[in-house]
Amino acid sequence: MGRFTRGFSGRGQKERDLRLPPGQYDTGDRWPVLTAEVTPRVDTATWSFTVDGLVAKPATWSWDEIHALPASTFAGDIHCVTTWSKLGVNFGGVSIDTLLGAAGVQPSATHVLARSSTGYTTNLPLADVTGDKAWVAWEYEGKPLPVEHGGPARLLVPHLYFWKSAKWVSGLQLLDHDEPGFWERNGYHDRGDPWLEQRYQGD
Amino acid sequence: MIDLVTDSGPRSSPWQNAKVVGIKEETARAKSFQLALPEPAPHLAGQHYVVRLTAPDGYTASRSYSIASAPGDPRELEITVERLEGGEVSTFLHDEVAVGDELDVRGPIGGWFVWEGDVPALLVGGGSGVVPLMAMLRYARLNGKVDLVRLVVSVRTPEDLYYAEEIAGPESALVYTRVTPAAFPRPPARLTPEDIPQPIAAGTRAYVCGSSGFADAASHMLVDLGVPAPQVRVERFGPSG
């Protein structure tokens with residue numbers, strides 16, 4: 001890079017929170033909403049979540065059935081590609097490991113394509129949703145996840161930029177290849193690691 | 001369900017050192033910046049650029065700003081920036097940047113909230129959300145496609161209207177929510193279904209841009225008026241600085 005912007009000092013250089021990846025700022029109490037489609041009305045009475053594709057047997061859970069699985073929580077930070085981060089947040093739901101374990105992942109599976117009831121999709125390496133790193137989350141700070149933030153349930157993959165954490169998630173498809181999702185086909189990075197600033201295709 | 005469109009956006013775009021060649025005050029809180037790029041890249045109406053500020057110690061801050069200028073317009077690329085109180089980048093751009101300064105930019109970015117002049121477009125913007133829609137309107141006017149475009153812009157007062165001297169026309173309508181100009185026929189009120197130009201032509205794609213609250217209200221209004229949800233593309237402008 002080697003050049004700086006005339007007159008820009010970075011806000012008097014307060015000590016930077018080490019939880020912030022490069023290029024991110026702390027949004028504090030706010031939680032911006034950034035979705036590209038009409039906010040859907042998802043009814044938990046008809047809600048379901050399905051794991052299919054390269055699995056031993058496709059598995060589907062109703063709202064009550066998924067709540068009967070072992071509960072799992074996440075406490076930590078989330079990072080949006082639009083450069084805000086939200087620090088010290090708490091989500092509750094079920095670990096993706098639990099769901100994949102029930103369906104049985106075939107050895108040839110390398111990636112997943114997550115899908116939402118709106119038709120939104122996002123692609124992830126299988127390794128990024130296993131090992132207690134990813135959840136289907138329906139609680140935020142102990143309360144039901146609000147619809148504008150993906151409620152009743154969203155995917156939660158907090159170590160990647162937050163567009164990977166598909167709102168209104170309805171299923172995961174196991175694949176033996178990477179298949180770009182919605183934003184990934186529209187210029188955004190296939191993996192999206194905030195610590196590597198993988199924001200756009202080519203980063 | 002949203003359309004699973006094939007990618008119409010760029011695969012990758014490098015950082016460039018743009019020169020600020022013009023600054024125009026749109027409102028008391030919004031300025032447009034004309035940027036000359038070393039390597040101009042064609043853009044689509046609705047896309048955005050990222051602007052990155054770098055401090056001498058290497059600290060950076062980046063934000064995305066919608067392109068206001070039309071694809072194919074031979075003049076310089078234009079972005080419009082709303083000044084958000086406490087916003088690290090927007091306040092710097094407003095208060096410090098002068099003509100002749102250089103800015104690191106990257107773009108154009110985005111392949112979803114874009115209009116290529118191929119289908120009828122119903123554009124609904126709230127406040128600063130008019131910016132990407134203005135690129136679409138300008139593109140339509142520049143290419144003889146105004147018949148395809150209908151624009152509704154909602155602002156609080158006449159002083160909050162961007163591109164005020166340019167936006168009026170048979171294809172555009174204005175809604176004031178708090179204060180109207182003198183003798184304006186419509187009393188001040190929030191956007192209602194009656195403000196949406198009707199009938200809505202078959203095959204119309206809607207583009208809604210504004211705050212999250214505005215975007216939710218307007219997009220649900222369009223669905224209630226019969227626009228299929230997959231045909232409603234939404235961009236939410238948050239206070240992200």
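**Exercise 1. Decide whether B:Ala183 and B:Tyr163 are buried or exposed, and state what their phi angles have in common.**

Step 1. B:Ala183 has 5 C-beta neighbours inside 10 Å and therefore counts as exposed. The cut-offs are these: a residue with 20 or more other C-beta atoms within 10 Å of its own is buried, one with 12 or fewer is exposed, and anything in between is partly exposed, with C-beta atoms placed from the backbone.

Step 2. B:Tyr163 has 22 C-beta neighbours inside 10 Å, so this residue counts as buried.

Step 3. Most residues other than glycine have a negative phi, and most peptide bonds are trans. B:Ala183 is not a glycine, yet its phi is positive, about 65 degrees. B:Tyr163 is not a glycine either and has a positive phi of about 55 degrees.

Step 4. B:Ala183 sits in the loop between strand S9 (172-176) and strand S10 (205-210) of chain B. B:Tyr163 sits in the loop between strand S8 (149-155) and helix H3 (164-167) of chain B. Helices (H or I, at least four residues) and strands (E, at least two) are DSSP runs, numbered from the N terminus.

The model is predicted: local features need pLDDT of at least 70, side-chain atom pairs count only at pLDDT 80 or more, and totals for chains, interfaces and linings use all residues. Residues are numbered from 1 along each chain as its sequence is written, while chains are lettered from A and ligands numbered from 1 in the order in which they are written.

**Exercise 2. Locate the cis peptide bonds that precede A:Pro152 and B:Pro108.**

Step 1. In chain A, the bond from A:Gly151 to A:Pro152 is cis, with omega near 15 degrees. A:Pro152 belongs to the loop between strand S9 (143-144) and strand S10 (154-156).

Step 2. In chain B, the cis bond joins B:Gly107 and B:Pro108, with omega about -5 degrees. B:Pro108 lies in strand S6 (residues 102-109) of chain B.

**Exercise 3. Describe the surroundings of strand S6 (residues 111-116) of chain A.**

Step 1. Six of the six residues of S6(A) are buried, so the strand is largely enclosed by the rest of the structure.

Step 2. In a regular strand the side chains alternate between the two faces of the sheet. Here A:His111, A:Leu113 and A:Arg115 are buried on one side, and A:Val112, A:Ala114 and A:Ser116 on the other.

Step 3. S6(A) pairs with strand S7 (residues 121-125) in the antiparallel sense over five bridges; pairing requires at least two DSSP bridges between two strands. A:Val112 has A:Leu124 as its bridge partner in S7(A). The two strands form a hairpin with four residues between them, and A:Gly119 in the turn has a positive phi of about 100 degrees.

Step 4. S6(A) also pairs with strand S11 (residues 169-175), antiparallel over six bridges. There, A:Ser116 is partnered by A:Val169.

**Exercise 4. Find which residues of helix H2 (residues 96-103) of chain A are buried, and what covers them.**

Step 1. The buried residues of H2(A) are A:Ile96, A:Leu99, A:Leu100 and A:Ala103. Seen down the helix axis, they fall within an arc of 95 degrees, so they line one face of the helix; the arc is that of the directions from the axis to the C-beta atoms.

Step 2. Their cover includes strands S2 (48-53), S3 (59-62), S5 (84-95) and S8 (135-140) of chain A. Contact means C-beta atoms, placed from the backbone, within 7 Å.

Step 3. After H2(A) comes A:Gly104, with a positive phi near 80 degrees.

Conventions
Two residues are in contact if their C-beta atoms, placed from the backbone, lie within 7 Å.
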